[in-house]
Amino acid sequence: MAFASSAIPSPPPPPISMPVWSMATPLSLPMASGKSTILSKEKDEVVDTKISETCASFENGYNNLEDNDDEEVLESTSMNIVTFATPVSVAPPKLWAVSLYSNTLTRDAFLRSKVAVLQLLCPSHKHLVPILGKRSGYEQNYSKRNECAKMTMKWLKHGGVAEDDADAFISHEDRIGALKSLDLLPECASYIQVELTGVTNAGDHDIAICEVVRTGVWDTMQSKVVAVVPDNEKEAMSPKDHTTVLYTGQLREEGII
């Protein structure tokens, strides 16, 4: 028996409340000639042009933080709100799937650098969602860094660690290498450093498969991100719920999304 297709479109599935994750990835000039990325050659050229123009705009006009007129900050990190992020494997290597909206600076920068940090937002970060998720890093004369600083959420280089910090979330090797320019948000519920292993197109998004490198937690006493180690693992890996983590349900209820 054949079934005729209906002209009436199927209704969308009901919205599901999900934890809100931000991605922070290094923003750098295009790679040297001859080095390939996960993108095609044609897309490489387009991304090269877009990132070059964005970096040039920042170089031509440094962005001054509101709370320190003497401090000049060159944009070196791209940050956004990802549509979703979820673990997809249990046994090592631990893999996550991250959904990235197409044609965004963070998506383009991540596919090029292949390294990033996922930041699990808390309810206190809710006012950052329009800044990080509804505006593009490609916009001229707009700085997500400065707008977050106005909300008293100043980005911290390497999560606020010092050069000699033994408990640093971002390792010394990464602080002088792949993540040399990376800034992070303060006071997140969790931090996960990831490396890109593959990507597939999913309509208006790309699904990035990422391997977990290490996890971190915000240390309130020291005001910095520290690595999860056996000494703090129990507290850091305790279950999270809506009382400590920002969910999309709360954002809908408050009209933020």
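**Salt bridges in close-up**

**View 1. The salt bridge between R145 and D183.** In this predicted model, the side chains of R145 and D183 are paired, with their closest N and O atoms 3.0 Å apart. R145 belongs to helix α4 (residues 144–150) and D183 to strand β9 (residues 183–184), so the salt bridge ties together parts that are 38 residues apart in sequence. Both partners, R145 and D183, are buried.

**View 2. A network formed by R107, D108 and D206.** These three residues, R107, D108 and D206, are joined into one network by salt bridges that share partners. Within this group, the side chains of R107 and D108 meet in a salt bridge with an N to O distance of 2.6 Å. R107 is buried, and D108 is buried as well.

**View 3. The salt bridge between K126 and E254.** The closest N and O atoms of K126 and E254 are 2.8 Å apart. K126 is located in the loop between β7 (115–120) and α3 (129–133), whereas E254 is found in the segment after α7 (248–253); the pair therefore ties together parts that are 128 residues apart in sequence. E254 has a relative accessibility of 40% and therefore counts as partly exposed, because that class lies between the limits of 20% for buried and 50% for exposed.

**Overview. Salt bridges in the model.** Side chains of opposite charge can pair when their charged atoms come close. With a cut-off of 4 Å between the side-chain nitrogen and the carboxyl oxygen, the count comes to seven salt bridges. Among them are the pairs R145 with D183, R107 with D108 and K126 with E254.

Definitions and conventions
Residues are numbered from 1 along each chain as its sequence is written. This is a predicted model: local features need pLDDT of at least 70, side-chain atom pairs count only at pLDDT 80 or more; totals for chains, interfaces and linings use all residues. Side-chain values use heavy atoms; hydrogens and water are left out. Buried means under 20% relative accessible area, exposed over 50%, partly exposed in between (1.4 Å probe, protein chains only). Helices (H or I, at least four residues) and strands (E, at least two) are DSSP runs, numbered from the N terminus.
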